[in-house]
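Dear colleague,

I am handing over the structure below for you to look at. My notes on it follow, arranged by topic.

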Number of protein chains: 2
Amino acid sequence: MLPVPTTNAFVPPRRTLMGPGPSDVYPQVLSAQSKPTIGHLDPLFVAMMDELKALIQYAFQTKNEMTLAVSAPGSAGMETCFVNLVEPGEKVIVCRNGVFGERMRQNVERVGAKAVVVDNKWGESVSPELVEQALIANPDAKFLAFVHAETSTGALSDAKTLCQLARKHDCLTIVDAVTSLGGVELRVDDWGIDAIYSGSQKCLSCVPGLSPVSFSPKAVEKLSNRTTPVQSWFLDQSLVMGYWGAGNSGAKRSYHHTAPVNALYALHESLRLLAEEGLENAWQRHQDMHQLLKAGLNKLGLEFVVDEDSRLPQLNALYIPQGVDDAEVRQRLLNDYNLEIGAGLGDLAGKAWRIGLMGYGARRENVALCLRALEEVLS
Amino acid sequence: MLPVPTTNAFVPPRRTLMGPGPSDVYPQVLSAQSKPTIGHLDPLFVAMMDELKALIQYAFQTKNEMTLAVSAPGSAGMETCFVNLVEPGEKVIVCRNGVFGERMRQNVERVGAKAVVVDNKWGESVSPELVEQALIANPDAKFLAFVHAETSTGALSDAKTLCQLARKHDCLTIVDAVTSLGGVELRVDDWGIDAIYSGSQKCLSCVPGLSPVSFSPKAVEKLSNRTTPVQSWFLDQSLVMGYWGAGNSGAKRSYHHTAPVNALYALHESLRLLAEEGLENAWQRHQDMHQLLKAGLNKLGLEFVVDEDSRLPQLNALYIPQGVDDAEVRQRLLNDYNLEIGAGLGDLAGKAWRIGLMGYGARRENVALCLRALEEVLS
């Protein structure tokens, strides 16, 4: 036998999470998650999942039957959309203005499809003009894929307009709403989004590990008409929906994989709190806290990466002032104030910080702590 | 705006979970999981992951550097092994003696490889003789894949012998240890297993949603020498290990996906409890509780599906007596005793029950409750 590792119970500190996610988790969500585990086919659990589905539909503002939480993080939600909908050889227009657009491109290539990339500068939103040019130049494209809220830069793109363009050119849309869901306006049905995924750990303030996903009837039709099998067994939505029971909530649920029972308790609770607050109130709260933070950051002389008109309230990317040591500042905030802010990612690594105001984290005491701590550390 | 769903907080009952998993979760694990969320790149979290890796290595009895928990359930652990190691066109010998062998076959086909199936009857273990015949008949096979402990039937296969045969014929092994890990003898290094996956929700008595996985150096070499990209971005272990830090625990961790922070707290605690008990003690406890259960079930006149010499202690499949209503019995156990036992799966649906004695669930009070409740319901 190998030697037994001697390990103490892990006791995490209480941090204030103001990075790009995970965000501060609602205390009620942590408590919900620690309720006793029950079976994933228990009738009471199945009834909870029906409620959860309705709550996800509300958050996305959709009536899509195929709406559920993928049993894995947002990256798996992204992959769910691409592997189910895109077939080898098909053409996808992918908008890239940060890390996650590039990840979409990699997903397209891994399904054996062809990505046509529309590039915008990091920190800018996706240009509808460039997208329309690409749609015209590629009449055989089947999909338009873009990130609603780029977590790597804090730029918001105009999802409504991009979806209109896609429809005009007979493309289905695949939309990344990992950072946008619950933090800014998002209307899946009104805007005509065909496939959308998000994450539990951003503006929903749930624990990380789940990815809400929704497919429109047109996306479901595309999935049903596939001529090749979905390359992933785990993410194959035609199998998963046998368990989630799309379109026939009274029907018998069949086993696909063991659902992450306690994590789903947590998501149920976080979405219930969002519904209780009301989506529009949550959007407004993110905006209000952003304005407070912005005013304070301006006083500190910090500059935003993203122009005001496409700036996300829930993710504030700021240039690191010249002469300031990136790692040292973040380390002091973490060690002395138990405050986490995010480093830059990709092109912005070492050049920017990312301050999140997401979900439960978007509240006045967090803004106050962040401004005061930054002031002390930068002085 | 769509109408706001009105939903109460979900309050699950306290069940005794004696199905095929999820099993009863240790109270300490539920408590660990509800500790405050911290960042997935927080130095304290990264240190916890180093401990977690050592704990997974201990449970698997391996020194493999590439050892981690996939951020998704056991089915994704299975897919992780196939998509990373098997390339399109390669031949895999797949042993099928239940649901999960068949699922392996489907995974092989979805990566575009060729499955040669070795069939054994449901309820029997994998026959080394048939496997050797297949290895001889298919000298171009690159892998032997089998299920150590078939959750659908309760049959244990001789992993040590099967791995010896695979080595003799230059095949790498891919082993499903979802139900075996922590419940019966399993020695990854001694037996020469090349790729193995398990689940958090069986004999580890952690919450469902994670899959411990380990690759031998030979498996890592196979992955490194791939000529085609791994078809899954989310499960690509060459990317994931940049975050888990294989082989260079001091190295900077790079972001891949947001780790399921709280679920990993839970896994850390459950594996810590396993190490505290000692693996061999845990194996013995499962055997002892199985003997108690077996004696009681025999008195009730119930018959096991699996012969004694290949019977799993932690998963007891029993034929439903003639004239007894399957669903009604399980419903009465659930409603009147808060006791969950498992239905039959696949070929055994409607014909068998599956009684789990897994991890924290393998204790005397559970055996007593199960025997008494069954006696009352069947009388």
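What rotation, and what shift along its axis, superposes chain A on chain B? In this predicted model, a rotation of 180° with a shift of 0.0 Å along the axis brings chain A onto chain B, at an RMSD of 0.0 Å. The two copies are therefore related as by a two-fold rotation axis. In chain A the C-alpha that comes nearest to that axis belongs to Ala72(A), at 2.5 Å from it. Both copies use the same surface, since 100% of the contact residues of chain A recur in chain B.

As for the fold of the single chain, the secondary structure of chain A consists of 13 helices and 13 strands, and the C-alpha trace spans about 60 × 55 × 50 Å along its principal axes. A compact globule of 379 residues would have a radius of gyration near 21 Å, and because chain A has 21 Å, the value agrees with that expectation. Of the 379 residues in chain A, 66% are buried, and among the contacts in chain A with a separation of 6 or more, 73% are between residues 24 or more positions apart.

Turning to the surface and the charges, the accessible surface of chain A amounts to about 13100 Å², with 48% of it belonging to carbon and sulfur atoms. Chain A carries 35 positive and 43 negative side chains, and the centres of these two sets lie 2 Å apart.

Two local backbone features deserve a look, and the background to both is that most residues other than glycine have a negative phi, while most peptide bonds are trans. The peptide bond between Gly21(A) and Pro22(A) is cis, with omega at about 5°, and Pro22(A) sits in the loop between strand E1 (16–18) and helix H1 (27–33) of chain A. In chain B, the bond from Gly21(B) to Pro22(B) is likewise cis, with omega near 5°, and Pro22(B) lies in the loop between strand E1 (16–18) and helix H1 (27–33) of that chain.

The other feature concerns Asn338(A), which has a positive phi of about 50° although it is not a glycine, and which is located in the loop between helix H12 (326–337) and strand E12 (339–343) of chain A. With a relative accessible area of 27%, Asn338(A) is partly exposed. Asn338(B) also has a positive phi of about 50°, and at 28% relative accessibility Asn338(B) counts as partly exposed.

With best regards

Key: Residues are numbered from 1 along each chain as its sequence is written. Chains are lettered from A and ligands numbered from 1 in the order in which they are written. This is a predicted model: local features need pLDDT of at least 70, side-chain atom pairs count only at pLDDT 80 or more; totals for chains, interfaces and linings use all residues. Side-chain values use heavy atoms; hydrogens and water are left out. Helices (H or I, at least four residues) and strands (E, at least two) are DSSP runs, numbered from the N terminus. The radius of gyration is taken over C-alpha atoms; the globule rule is 2.2 Å times the number of residues to the power 0.38. Buried means under 20% relative accessible area, exposed over 50%, partly exposed in between (1.4 Å probe, protein chains only). Contact means heavy atoms within 4.5 Å. Accessible areas come from the Shrake-Rupley method with a 1.4 Å probe; for residues, only the protein chains shown count as cover. Lys and Arg count as positive and Asp and Glu as negative; His and the chain ends are not counted. The place of a charge is taken as NZ of Lys, CZ of Arg, CG of Asp or CD of Glu. Copies are superposed by least squares on the C-alpha atoms of residues with pLDDT of at least 70 in both.
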